[in-house]
Amino acid sequence: MADEGSTLHRFATGELAWSSGVIVFIDVMESVRLTARDGGLFITRWIEQRQAIEDLFARGDGRVIRSTGDGIIGQFSEPRAAIASLFEAMAMVERANTDLAGPLPIAIRVGMARGEFLTDRQDIYGQAVNLAARLSGLGMPSAIIVPEDLRADLVDGVDAEIEDLGTCFLKHLEAPIRAYALRPVGKRRLPLMPARNDAQLVPTIAVVPLVPIQGGPARDALGDIIADELISALSGSPYLNVISRLSASVARQRGLSPGLAAEALQADYIVSGTYSALQDRVRATLELTERKTGLVRLEQRFSMPAEALITAEFHGFDGFIAGLLQAVLRNEVQRVRRQTLPSLESHSLLLGAVSMMHRAGRQDFAYAAEILSTLMERHPRETLPCAWLACWYTIKVQKGLSDDPAREGNEASALARRAMDLDPDNPLALAVAGLIETNFARRFVDAETLLDRASDLNPNETYALLHKAALLQFTDRGAEAYPIARRAMMLSPFDPHRYYFEAIAASSAFSAGNYELALAHADEAIRANRLYPSGSRVRAATLWHLGRKDEARKTAQALQDIEPNLTVARWLAKSPAADFDVGNRMAAGLRGAGIAEN
């Protein structure tokens with residue numbers, strides 16, 4: 001009873017108190033052998049190292065509770081601060097060892113646990129202390145051993161490299177525990193995301209939740225809401241892989257810089273930013289950073305009512321998203337132009353080629369085919385280069401650049417077949433094959449089967465929808481085609497090749513006999529890309545059918561500057577619509593607008 005009374009007295013006087021946190025137990029490995037070998041030299045060296053570790057803990061939001069002999073017991077409020085200080089302590093000890101000539105090197109092992117414990121002026125007591133000490137016995141140089149509850153709070157490849165040691169039996173503990181070894185992130189770092197395939201053909205982007213500049217915790221969700229808006233919009237793009245918000249949120253939780261976040265997430269680009277919530281308005285700044293160079297490729301500031309973020313009609317970030325896609329494609333094109341093809345990553349080659357094949361310049365268009373051919377040689381088992389090169393041949397004929405449309409149609413068909421042989425279930429390959437069946441073989445039933453198959457595999461495959469709309473409008477089914485073209489535009493509202501979408505929507509409306517709607521889309525296609533002839537062809541024919549003959553003739557004159565060899569006969573020869581009413585109406589419109597018959 002006397003002992004119990006003494007303990008109660010110590011609680012009452014404040015000498016003994018409960019506390020909680022993370023306990024670290026540091027022990028010098030083989031200290032007995034070091035003492036026997038180096039005697040006072042080892043002891044002197046360890047005292048110096050111990051003092052440096054105590055100073056390090058104090059700077060890192062920790063404290064040393066007890067330091068005796070060859071051990072140190074310390075306390076931290078949270079595990080990541082403890083890990084950072086311990087890794088620095090290990091590195092400091094290793095650096096000191098490199099200066100040694102004769103003495104044996106000092107190595108420390110560390111155990112870490114979390115829980116409640118008692119402290120007084122001289123010592124620390126409790127289960128967490130015992131567990132940390134026992135875990136240190138499992139240790140090896142440059143490793144921290146932690147139990148399962150601490151490991152659950154850590155991210156492999158960001159906080160540490162984490163190795164599962166399995167179920168371990170510890171001295172004086174009845175039940176075995178699951179233990180993990182933590183090492184600094186370095187040569188063997190395990191990335192947050194799975195290792196990417198060398199043949200990755202689309203760049204990866206991560207959007208991390210925005211960080212508040214000011215405002216209470218109740219406003220913190222705004223950073224996640226903004227990130228969700230951006231991720232949702234970008235996920236529909238065929239030009240990007242978008243990392244999930246759950247994975248990207250880890251970067252914000254760890255306070256990583258954009259460059260480190262991109263490295264941990266293995267993203268080629270990362271979107272980050274800050275926001276402030278003042279009264280009822282949100283102000284935000286968004287940045288797009290390229291991992292390889294660390295350069296900010298796009299920055300934009302916003303100011304909006306806070307409640308606008310959660311409305312279904314919110315489109316406040318549309319301009320940033322459109323600018324982001326343009327910036328990524330422009331950056332990849334610049335990389336293709338600056339560097340030789342063998343040194344470029346595959347995703348840069350693919351995006352550069354896709355962007356160049358939609359550009360006006362003939363030199364860029366020709367170079368796109370060279371790039372895609374290089375990709376096919378580099379990745380002979382990959383589907384996308386074959387599919388895009390097949391698409392390139394189709395666009396070449398559509399642009400009027402081909403001297404032998406029949407031969408190049410055969411090239412396109414062969415490439416499409418090769419793409420489907422490589423991956424029969426690739427939606428893009430099926431969509432391109434459907435386009436080729438429509439444009440060259442004129443096997444409309446087979447084309448529709450391929451396009452429907454692509455849409456079944458991926459209902460959001462925009463090119464399958466676009467090519468289905470093209471097929472339908474060619475065959476007098478414009479009323480069916482137009483809603484499909486609109487759906488494709490809705491799924492990819494910020495597509496850098498928007499003119500292509502608008503041109504197909506214009507043709508679909510023309511096929512349906514809705515000339516006012518056809519004219520509106522044709523104008524948008526021309527505004528986006530004046531040198532793509534399809535929009536101007538539809539505009540000239542539409543204006544003639546609307547009775548606006550002078551405007552039709554002016555459009556036809558501009559069209560002939562773009563497509564000097566255009567005649568009505570040549571257009572009919574290459575158009576899948578030639579045998580249908582829509583083809584006759586288009587030919588009549590072009591003829592009336594002043595395009596020569598032969």
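These legends describe close-up views of a predicted model.

**View 1. A hairpin of strands β13 and β14.**
Strand β13 covers residues 281-290, and strand β14 covers residues 296-305. The two strands pair in the antiparallel sense. Nine bridges join them. One residue to find is A284, whose bridge partner in β14 is F302. Between the strands of this hairpin lie five residues. Among the residues of the hairpin, G294 takes a positive phi near 75°. In a regular strand, side chains alternate between the two faces of the sheet.

**View 2. A salt bridge between R291 and D268.**
R291 lies in the loop between β13 and β14. D268 lies in another loop, between α9 (258-265) and β12 (269-278). The side chains of R291 and D268 meet at 3.8 Å, N to O. The two residues are 23 residues apart in sequence, so their salt bridge ties together separate parts of the chain. R291 has 30% relative accessibility, so it counts as partly exposed. D268 has 7%, so it counts as buried.

**View 3. A salt bridge between strands β7 and β8.**
E163 sits in strand β7 (residues 161-168). R183 sits in strand β8 (residues 177-183). The closest N and O atoms of E163 and R183 are 2.8 Å apart. Along the chain, the two residues are 20 residues apart. E163 is partly exposed, with a relative accessible area of 36%. Side chains of opposite charge can pair when their charged atoms come close. Across the whole structure, the search finds 26 salt bridges.

**View 4. A charged end over a ring.**
Here the partners are R151 and Y180. The charged end of R151 sits over the ring of Y180. It lies 5.8 Å from the ring centre.

**View 5. S348 in helix α11.**
Helix α11 runs over residues 346-357, and S348 is part of this helix. S348 has 0% relative accessibility, so it counts as buried. V202 is 146 residues away from S348 along the chain. In space, the C-alpha atoms of S348 and V202 are separated by 7.9 Å.

**View 6. An edge-to-face pair of F444 and F580.**
The structure has 12 aromatic pairs. One of them joins F444 and F580. The ring centres are 5.8 Å apart. The planes meet at 70°, and the pair is edge-to-face. F444 belongs to helix α16 (residues 444-457). F580 lies in the loop between α23 (568-574) and α24 (581-593). The pair links parts of the chain that are 136 residues apart. F580 has 22% relative accessibility, so it counts as partly exposed.

**View 7. A tilted pair of Y463 and Y500.**
The ring centres of Y463 and Y500 are 6.4 Å apart. Their planes stand at 35°, so this pair is tilted. Y463 is in helix α17 (residues 462-474), and Y500 is in helix α19 (residues 498-511). The two tyrosines are 37 residues apart along the chain. Both Y463 and Y500 are buried. They also belong to a cluster linked by ring pairs. The other members are W388, Y499, F501 and Y532.

**View 8. Helix α19 and its surroundings.**
Of the 14 residues in α19, 13 are buried, so the helix is largely enclosed by the rest of the structure. At 1.5 Å a residue, α19 should span 20 Å. Its end C-alpha atoms are 20 Å apart, which agrees. Just after α19 comes G513, with a positive phi of about 85°. An α-helix has 3.6 residues a turn, so residues three or four places apart point the same way.

**View 9. A buried salt bridge of E563 and R537.**
R537 lies in helix α21 (residues 533-545). E563 lies in the loop between α22 (549-562) and α23. The closest N and O atoms of the salt bridge are 3.0 Å apart. The side chains of R537 and E563 also make a polar contact, listed at 3.0 Å. The salt bridge ties together parts that are 26 residues apart in sequence. Are these two residues buried or exposed? E563 is buried, with a relative accessible area of 5%. R537 is buried at 9%.

**View 10. A network of salt bridges.**
Five residues are linked here: E448, D452, K468, R477 and E480.

Terms used
Residues are numbered from 1 along each chain as its sequence is written. This is a predicted model: local features need pLDDT of at least 70, side-chain atom pairs count only at pLDDT 80 or more; totals for chains, interfaces and linings use all residues. Side-chain values use heavy atoms; hydrogens and water are left out. Two strands pair if DSSP finds at least two bridges between them. Helices (H or I, at least four residues) and strands (E, at least two) are DSSP runs, numbered from the N terminus. Rings of Phe, Tyr and Trp (its six-membered ring) pair if their centres lie within 6.5 Å; planes under 30 degrees apart count as stacked, over 60 as edge-to-face and the rest as tilted. Buried means under 20% relative accessible area, exposed over 50%, partly exposed in between (1.4 Å probe, protein chains only). A charge sits over a ring if NZ of Lys or CZ of Arg is within 6 Å of the ring centre and within 35 degrees of the ring normal. A salt bridge is a side-chain nitrogen of Lys or Arg within 4 Å of a carboxyl oxygen of Asp or Glu. The expected span of a helix is 1.5 Å times one less than its number of residues. A polar contact is a pair of N or O atoms within 3.5 Å; within protein, one must be able to donate a hydrogen and the other to accept it, and residues adjacent in sequence count only if both atoms are side-chain atoms.
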